[in-house]
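This report introduces a structure to a reader who has not met it before. Please look over the sequence and the model shown here before reading on.

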Amino acid sequence: MKIFFASIALLVVATAASATVPVIPRQFQGTWGSVADCKTVSAGGESDGITEINSAALNQIESGCDLVSGRSLGSSEYTGTFRCNVEGNVSVSRIQLRLVNNKLRVDSSAPLSRCK
């Protein structure tokens with residue numbers, strides 16, 4: 001009986017250890033926007049067109065989306081399920097991030113440049 005419970009305990013620990021926290025890949029992380037939006041922000045101003053991405057979230061004007069799960073489809077594409085709060089309304093959304101010629105596309109948005 002002790003061996004049975006020890007085996008169950010070991011299985012639970014192994015399962016918990018193998019559970020991974022989803023992470024948005026580094027190549028998508030950063031501050032993104034149009035060239036004009038990036039210039040405004042770098043000069044200390046604010047812009048509605050900025051998209052900020054870190055390892056666990058995607059934030060745009062009046063919306064914040066926390067990563068729930070995701071998967072890479074090669075080094076230039078990532079699809080994630082996000083829990084988004086848009087002006088107080090919470091929903092779950094699937095969002096695709098794609099890098100094309102060093103520009104970011106969020107779903108079917110216009111290409112965004114990485115702000116420096």
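The sections below take up confidence, the sheet, the disulfides, the core and two individual residues.

## Confidence in the model

The structure is a predicted model, and its chain has a mean pLDDT of 87, with 84% of the residues reaching 70 or more. Residues 4-17 call for caution, since pLDDT stays under 50 over this stretch and the model gives it zero contacts beyond four places in sequence. Where pLDDT is low, the predicted coordinates should not be read in detail.

## The sheet

Eight strands make up an open sheet, in the order E7-E6-E5-E4-E3-E2-E1-E8, and the pairing is antiparallel. Strand E7 (103-106) and strand E8 (113-114) are the edge strands, each of them pairing on one side only.

Several of the pairings can be described in turn. Strand E1 (residues 30-33) is joined to strand E2 (residues 51-53) by three bridges in the antiparallel sense, and within this pair Gly 30 has Ile 53 of E2 as its bridge partner. E5 and E6, which also run antiparallel, are joined by ten bridges, and here Asn 85 has Val 90 of E6 as its bridge partner. These two strands form a hairpin with two residues between them, and Glu 87 in the turn has a positive phi of about 50°.

A further hairpin is formed by E6 and E7, again with two residues between the strands, and Asn 101 in its turn has a positive phi of about 55°. Four bridges hold the antiparallel pairing of E6 and E7, and Leu 99 stands opposite Leu 104 in E7.

## The disulfides

A search of the whole structure finds two disulfides. With the bonded cysteines counted along the chain, they follow the pattern 1-4, 2-3.

One disulfide is formed by Cys 38 and Cys 115, whose sulfur atoms lie 1.9 Å apart. This pair links distant parts of the chain, with Cys 38 in helix H2 (residues 35-42) and Cys 115 in the segment after E8, 77 residues apart. Because the torsion about the S-S bond of Cys 38 and Cys 115 is about -70°, this disulfide is left-handed. Cys 38 and Cys 115 are both buried.

The other disulfide is formed by Cys 65 and Cys 84, with their sulfur atoms 2.2 Å apart. It too links distant parts of the chain, since Cys 65 belongs to strand E4 (residues 63-72) and Cys 84 to strand E5 (residues 77-86), 19 residues apart. The link of Cys 65 and Cys 84 is right-handed, with 115° about the S-S bond. Cys 65 counts as buried because its relative accessibility is 5%, and Cys 84 is likewise buried, with a relative accessible area of 4%.

## The nonpolar core

In soluble globular proteins, nonpolar side chains tend to be buried together. The largest nonpolar core in this model has 15 residues, of which Ile 24, Leu 58, Phe 82, Ile 95, Leu 97 and Leu 104 touch the most other members. The elements that contribute two or more residues to this core are E4, E5, strand E6 (89-100) and E7, and E5 gives the most, with three residues.

Leu 58 shows how one of these core residues is surrounded. Apart from its neighbours within four places in sequence, Leu 58 is in contact with a set of residues that includes Phe 82, Ile 95 and Leu 97, together with Thr 51, Glu 52, Ile 53, Gly 64, Cys 65 and Val 106.

## Two buried residues in strands

Thr 81 is located in strand E5, and because its relative accessible area is 15%, under the 20% limit, it is buried. When residues up to four places away in sequence are not counted, Thr 81 touches Asp 66, Leu 67, Val 68 and Ser 69, as well as Val 92, Ser 93 and Arg 94.

Ser 113 has its place in strand E8, and at 14% relative accessibility Ser 113 also counts as buried. The side chains of Ser 113 and Lys 103 are joined by a polar contact of 2.9 Å. Leaving aside neighbours within four places in sequence, the residues in contact with Ser 113 are Thr 31, Trp 32, Gly 33, Val 35, Cys 38 and Lys 103, and among them Cys 38 is the residue that forms a disulfide with Cys 115.

Technical notes:
Residues numbered from 1 in each chain as written. Predicted model: local features only at pLDDT ≥ 70, side-chain atom pairs only at ≥ 80, totals over all residues. Heavy atoms only, no water. Pairing = 2+ DSSP bridges. Disulfide = S-S within 2.5 Å. Buried < 20%, exposed > 50% of the residue type's maximum accessible area, 1.4 Å probe, protein only. Core = buried A, V, L, I, M, F, W, Y, C linked by side-chain atoms within 4.5 Å. Contact = heavy atoms within 4.5 Å. pLDDT = per-residue confidence, 0-100. Polar contact = N/O pair within 3.5 Å; in protein donor to acceptor, adjacent residues only side chain to side chain.
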